[in-house]
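Colleague: Could you take me through the largest cavity in this structure, please? I would like to know what lines it and where that lining comes from.

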Amino acid sequence: MNLITLQEIITTRGFDFDGGLLAYFIPLIFIFAAWFFLIRRAKLHMKSKKLPKYNAIDSSQLQHFASKQSLRDLSGSIDVAIIGSGIGALSNAAVLARQGFKVAVFEQNSVVGGCTHTFTKDNFTFDTGVHYVGGMSSVVKNLYDQISDGQLKWNKIDKTYDVIYNGTTGERIEMTDDHDLNRKVLTEHFGIKAESWKRFDRAKFCAKFWSYVVFQLKLWHPLVLRLAWPFMCLPYRRYALRSTIEVLRECGFSSQAAGALTYHWGDHGTPPAQCPFFMTALLDTHYKAGAYFPRGGSKSIAKTLVAAIERRGGHVFASSPVEQVLTMKNMFGQHSAYGVRIHGVDVLVRKFVVSDAGIMKTFGIDGDDNAKHALVVGEAGATQRSLLHKDKKVSVLEVDDGVFEVSTKEGSSKVSPCVSDLSLFIGLDRSDEDLGLLAQNIWHVHDWEHDEAFKKMLEDTSADLSTAEETPFLFISNESAKDPDWPLTHPNKSTSEVIAVVKSSLFDKWANTTHEEREKDAEYVTLKETLTNSYLEAFYLHFPKARGHVVYTCLGTPITMNKFLGRCHGEVYALDHDIARFDGSDVQRALHPQTTIENLYLTGEDAFVVSVTACMLSGYITAARASWGCWFSVPPTLLTLIFGLPQVEMQLARECCGYDSHHDMKWMAKSIE
């Protein structure tokens with residue numbers, strides 16, 4: 001039998017053995033070697049011992065305080081300083097720590113976690129920002145497992161996760177994890193035609209596809225975004241950035257049907273007429289597989305991530321507000337970040353600084369007054385701020401006979417803060433079962449005309465349109481019913497939360513007062529009592545057994561948001577998710593993870609979009625942008641973001657729209673062109 005040599009096999013397959021084969025395999029060898037060493041490096045920074053479960057992690061880890069001496073000891077010994085401790089910051093810190101970076105997270109609040117933190121009053125523990133999480137696919141679940149070392153556990157809430165209630169007509173519609181059933185219910189209730197759903201699915205696919213294309217540019221250098229923008233801005237604006245109401249009307253939905261379809265606009269805080277359609281498209285299937293809640297409450301997210309960071313030598317500090325990002329000019333005249341100032345101590349870093357404080361807090365986009373209080377002071381942040389402002393206005397004034405003065409005034413900002421909210425925390429002296437509190441959410445809307453109700457609220461100068469009877473919507477969430485561990489830690493107790501949108505200007509007169517001063521102000525106390533009683537009546541409407549069992553209430557205002565979350569205007573979701581926020585090359589570069597200041601990066605919802613999962617993804621994306629090593633540490637993540645999502649959406653479109661023929665798929669490709 002003749003033996004075929006390796007050279008003959010390779011030659012028959014078209015390879016030139018004299019250098020061709022070597023040139024073919026060298027890149028593969030390099031990639032596998034880099035992958036092996038980086039993964040090995042990541043594993044070396046985790047102590048080899050049995051990891052504690054989420055409910056065994058001490059909550060005191062979320063309240064570590066950094067003394068001035070400890071800050072001096074940290075200075076120059078850490079690689080990365082991260083401002084804020086929201087899920088974007090913690091996921092970013094966890095990814096970097098896995099790669100061997102020595103990270104330090106600094107939170108201004110007394111408890112770490114941002115919107116994932118909890119607080120305890122009168123033996124009740126309240127979740128502040130996480131009410132339910134969707135999009136829990138195997139890929140997303142794997143991402144959470146990576147940053148929490150597999151210790152973060154999730155519980156699926158009721159099959160009927162949302163209930164829509166029209167406060168004007170009394171209509172009640174249940175949304176379940178059966179997407180087809182939801183459509184059938186809406187079709188029967190509003191008489192929606194099959195052709196309207198088909199048009200909606202086509203528009204939804206195109207909107208999601210082009211939004212993914214643009215968002216994936218955040219993985220690359222801002223120059224790539226600037227070069228690619230002229231080629232993709234037209235289809236992006238046509239399919240993704242049109243008004244939600246405009247698209248729904250073109251699809252053939254009535255105003256009532258459109259209102260029911262956009263009932264959850266409070267998830268991003270922008271009413272349908274101002275909201276880009278891709279946000280509605282994303283939400284339409286976000287809870288297709290149901291909604292989830294972290295076991296042990298939302299603090300389990302912060303606890304497991306902080307434990308993973310500290311396990312690898314990182315530090316997470318509470319009550320450590322960053323006063324300033326330290327910058328200097330390099331030899332090329334470009335500003336570069338080299339540390340942060342906390343409690344008057346300069347903490348220097350060896351690599352870079354990441355901000356999860358939001359772009360308004362980091363750079364100050366609301367004009368000179370806000371810029372004075374920004375973390376990046378002086379001319380260092382001028383370039384970043386200029387990207388978010390419209391063209392400067394030049395005016396010529398005659399100050400004397402024949403003497404003219406030219407003045408230049410910066411234009412208004414292209415982005416604006418999101419609407420504020422009121423949060424009523426309710427403690428009850430009976431269990432969820434006794435009071436009939438279900439593991440679901442109630443969307444109590446004023447009527448189906450969301451934009452009209454929102455406009456009236458903004459135009460009104462009193463608090464009357466923020467009461468339960470007039471507010472655009474109330475969101476009622478029973479957190480204790482969603483957590484299976486709650487009865488073990490709080491027997492015969494339950495909690496709920498009622499959220500409503502409000503104008504932050506209603507509370508401006510008390511913005512600079514202390515808590516004690518506000519509690520002595522009769523007008524302030526009366527306003528809070530009026531709103532509290534109004535929201536309680538709405539709560540009793542949906543859960544009548546709860547009447548007589550409310551033993552604790554606390555109403556959080558925009559002032560509360562500013563204090564505990566470091567907001568500037570009491571905004572619930574940082575920047576408003578309107579069309580202007582996602583349009584324009586300058587705005588996209590300003591909200592890019594890589595800022596115009598060298599070694600300063602952004603993460604969190606401003607750098608991506610709102611939602612728990614989106615903020616978690618922003619931590620991954622910022623880590624990949626800041627360190628090439630992270631491309632190897634989480635390859636499934638980035639490959640999914642770059643290549644997987646469009647294919648997933650294509651398959652989803654086939655399932656939703658029934659596109660089984662090659663002709664239908666060709667139509668999809670043509671519509672995208």
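Modeller: Happy to! Keep in mind that this is a predicted model. It holds six cavities of 30 Å³ or more, and the largest of them has a volume of about 200 Å³. Its lining is made up of 17 residues. Nearest the centre of this cavity lie Met 175, His 179, Asn 182, His 264 and Asp 284. As for where the lining comes from, the elements that give two or more residues to it are the strand β7 (172-176) and the helices α6 (179-190), α10 (255-261) and α11 (277-284). Of these, α6 supplies the largest share, with four residues. In chemical terms, the lining of the largest cavity divides into nine nonpolar, five polar and three charged residues.

For a point of reference, the second largest cavity has a volume of about 50 Å³. Among the residues lining this second cavity are Met 360, Lys 361, Arg 567, Cys 568, Glu 571 and Asp 606. The lining there divides into four nonpolar, two polar and four charged residues.

A word on confidence before you use any of this. The mean pLDDT of the protein is 84, and 82% of its residues reach 70 or more. Two stretches to treat separately are residues 44-48, where pLDDT stays under 50 and the model has eight contacts beyond four places in sequence, and residues 635-673, where pLDDT also stays under 50 and the model has 62 such contacts. Where pLDDT is low, predicted coordinates should not be read in detail.

How values were computed: Residues are numbered from 1 along each chain as its sequence is written. This is a predicted model: local features need pLDDT of at least 70, side-chain atom pairs count only at pLDDT 80 or more; totals for chains, interfaces and linings use all residues. Side-chain values use heavy atoms; hydrogens and water are left out. On a 1 Å grid over the protein atoms alone, a cavity is a set of points where a 1.4 Å probe fits but cannot get out, and a pocket is an open set with protein on both sides within 12 Å along at least five of seven lines; lining residues have an atom within 4 Å of a point. Grid points are joined across faces, edges and corners, and a volume is the space filled by probe spheres set on the points. Ala, Val, Leu, Ile, Met, Phe, Trp, Tyr, Cys and Pro count as nonpolar, Asp, Glu, Lys and Arg as charged, and the others, Gly among them, as polar. pLDDT is the predictor's confidence in each residue, from 0 to 100. Contact means heavy atoms within 4.5 Å.
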